[in-house]
Amino acid sequence: MRKLSRPTLLQFAKAQFSSLGASAIDLCLAAVLFRWAGFSPFWSTICGAVVGGITNCITNYEWTFRGTDRTMRGVAVRYLFVWAGSIMFNAWGVKLAVAICSGGTDVSLTLFMVLRILVSILVAVLWNFTLQKNWVYKK
């Protein structure tokens, strides 16, 4: 097994911190849209992910992966691909998890948020970080 270098670990920590901030924005918006605006879990997830994704892209460009030789436009094009996959995995993952866990009944805000967080953690680690580090912001 390959040992991770200190710069890679620091970059991973920065990416997780950036993701945490963007996720807070994402989850708060999703909760508000679900609870008070009556959006479905699927559409609440998409809307939150859009706003959180914009926040994450800018933060990663300016701080996490700073020093990339890619222009903001070059990063944005690649980021859009990763982001589209992330939104798809999150939205459909939440929809599937809600269907499995709710048994066809109304979904509480608590259940929605727990499932939303669990799905987003899986997507962040398995999809977002890997592609952002190795493709979107690669020097």
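This report describes helices, buried residues, a salt bridge and a surface patch in a predicted model.

## Helix 1 and helix 4

Helix 1 covers residues 6-35. With 30 residues at 1.5 Å a residue, helix 1 should span 44 Å, and the distance of 42 Å between its end C-alpha atoms agrees with that expectation. The buried residues of helix 1 include Thr8, Gln11, Ala15, Ser18, Ser19 and Ala22 in its earlier part, and Asp26, Leu27, Ala30, Ala31, Leu33 and Phe34 further along. The packing partners of the buried residues of helix 1 are helix 2 and helix 4.

Helix 4, residues 109-136, departs from a straight course. A straight helix of its 28 residues would reach 40 Å at 1.5 Å a residue, but the end C-alpha atoms of helix 4 are only 34 Å apart. A kink of about 45 degrees is present in helix 4, with its centre on Ala124. Ala124 itself is one of the buried residues of helix 4, among them also Phe112, Met113, Leu115, Val119, Val123 and Phe129. Polar side chains are listed there as well, including Ser120, Asn128 and Gln132. The buried residues of helix 4 pack against helix 1, helix 2 and helix 3.

## The salt bridge between helix 4 and helix 1

The count of salt bridges in the model is one. Side chains of opposite charge can pair when their charged atoms come close. The pair here consists of Arg116 and Asp26, with an N to O distance of 2.6 Å. This pair joins distant parts of the chain, since Arg116 lies in helix 4 and Asp26 in helix 1, 90 residues apart.

Both partners fall below the cut-off of 20% relative accessible area that defines a buried residue. Arg116 counts as buried because its relative accessibility is 1%. Asp26 is also classed as buried, because its relative accessibility is 10%.

## Residues in contact with other parts of the chain

Asn60 belongs to helix 2. Asn60 is buried because its relative accessible area is 1%. Beyond the residues up to four places away in sequence, Asn60 touches Ala15, Ser18, Phe65, Arg66, Gln132 and Tyr137. Of these contacts, Ala15 and Ser18 are buried residues of helix 1, and Gln132 is a buried residue of helix 4.

Trp127 is part of helix 4. At a relative accessible area of 21%, Trp127 is partly exposed. Its contacts, leaving aside neighbours within four places in sequence, are Phe81, Val82, Gly85, Ser86, Phe89 and Leu122. The C-alpha atoms of Trp127 and Ser86 lie 7.1 Å apart, although the two residues are separated by 41 residues in sequence.

Leu96 is located in helix 3, residues 72-102. Its relative accessible area of 54% makes Leu96 exposed. Between the C-alpha atoms of Leu96 and Leu115 the distance is 9.8 Å, with 19 residues separating the two along the chain.

## The nonpolar surface patch

A nonpolar patch on the surface is formed by Ile25, Val50, Val51, Ile54, Ile58 and Met72, which together have about 430 Å² of accessible area. Helix 2, residues 41-64, contributes the most to the patch, with four residues.

Val50, a member of the patch, is placed in helix 2. Val50 counts as partly exposed because its relative accessibility is 30%.

Terms used
Residues numbered from 1 in each chain as written. Predicted model: local features only at pLDDT ≥ 70, side-chain atom pairs only at ≥ 80, totals over all residues. Heavy atoms only, no water. Patch = residues over 30% accessible without salt bridge, like charges linked within 9 Å, V, L, I, M, F, W, Y side chains within 5 Å. Areas by Shrake-Rupley, 256 points an atom, 1.4 Å probe, with all protein chains shown as cover. Salt bridge = Lys/Arg side-chain N within 4 Å of Asp/Glu carboxyl O. Helix = DSSP H or I, 4+ residues; strand = E, 2+ residues; numbered from the N terminus. Buried < 20%, exposed > 50% of the residue type's maximum accessible area, 1.4 Å probe, protein only. Expected span 1.5 Å × (residues − 1). Bend = angle between axes of the 7 residues up to and from the residue. Contact = heavy atoms within 4.5 Å.
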